[in-house]
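Hi everyone, thanks for coming. Let me put a structure on the screen and walk you through it.

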Amino acid sequence: MHKLLVALAFLSAPIAASPWLLTPTYAAQAAELGDLSPLRTIAADTLALVATGDMTAATSRITDFESAWDAEATKLRALNAEKWSVIDGAADSAIASLRVSAPSPDAATQAVTALIAALNDPSAVAVQAVGPVTAVTDAHGRPLPCEDLLADVRASTAATTVSAADKPTLDELTNKGIERCNADDDRRADDFFVQALAILGK
C-alpha cells in the first residue's frame with residue numbers, strides 16, 4: 001500500500017463523525033502514533049457505507065483511506081514499527097475485502113471493523129505471521145516498506161563507484177523495484193532492491 005511517486009493528501013470530507021471515535025484508548029495511542037483521527041474517520045465512513053449497502057461508495061472511501069495511510073506510513077512506522085505493521089495488515093484486509101469483483105457486505109463489515117479496532121488499539125490485536133521472517137521483513141513476516149529499501153539503494157548508489165559492467169544490471173534491478181513498489185508490491189520490490197544492494201556490496 002505505497003504510492004511512491006505521488007504524495008496524496010487526505011481525500012474528501014468525512015461523511016459523518018461518530019462519537020465513539022474519541023476514546024481513552026485512542027488518546028493513549030495518539031500520544032505515541034500521533035493523531036490518527038482522520039484515518040479513523042475515513043474507516044468509520046467506510047463502515048457506514050457498507051451498512052447502507054452502497055459498496056461502490058464504500059470502495060471509493062476505503063481508497064481514500066489507502067491514500068491517506070500511504071501518505072502517513074513512513075512517519076508512523078518510524079514512531080512504532082510494530083503497531084504500524086498491525087494497522088497496515090488490517091488496512092490491507094479491509095481494502096482487499098472491498099476490491100473484489102462482488103464485495104460481500106458481511107466480509108467487508110468484519111474487515112473494516114477489524115481495521116477500526118487496530119486503529120483504536122494496535123497492541124490489543126493478535127497478529128498472525130504471514131510469511132518467514134527474513135532480513136527484509138518485520139517480526140511477522142510482512143515485507144518492509146519498499147520505499148525504505150529504495151532509499152538505501154539510492155544512497156548506496158550515490159556513495160559507490162559502480163563498474164560499467166554492473167551498472168546496467170543495477171539500473172534494471174532498481175527500475176524493476178520501483179515499478180513493483182509503485183504497484184504496492186513490497187515483497188517483490190524488496191527482492192529487486194536486495195539484489196541491487198548486493199551489487200553495491202551491501
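How much area does the protein expose, and what share do carbon and sulfur atoms supply? The protein exposes about 9,900 Å², and carbon and sulfur atoms supply 59% of it; these areas come from the Shrake-Rupley method with a 1.4 Å probe.

A quick word on the source: this is a predicted model, where local features need pLDDT of at least 70 and side-chain atom pairs count only at pLDDT 80 or more, while totals for chains, interfaces and linings use all residues. Residues are numbered from 1 along each chain as its sequence is written, and side-chain values use heavy atoms, with hydrogens and water left out.

Of the 202 residues, 42% are buried, meaning under 20% relative accessible area with a 1.4 Å probe, protein chains only. You will find eight helices and zero strands, taken as DSSP runs (H or I, at least four residues, for helices; E, at least two, for strands).

Now look at one helix pair. Helix α7, residues 167–182, packs with helix α8, residues 186–199, at an angle of about 160 degrees, and their axes are 8 Å apart. The axes are lines fitted to C-alpha atoms over the stretch in contact, with angles from 0 to 180 degrees between N-to-C directions. So α7 and α8 are roughly antiparallel, the word for angles over 145 degrees.

Who makes the contact, meaning heavy atoms within 4.5 Å? Among them are Leu-170 and Leu-173 of α7, and Phe-192 and Phe-193 of α8.

Notes:
Parallel < 35°, antiparallel > 145°, perpendicular 65-115°, else oblique. Contact = heavy atoms within 4.5 Å. Buried < 20%, exposed > 50% of the residue type's maximum accessible area, 1.4 Å probe, protein only.
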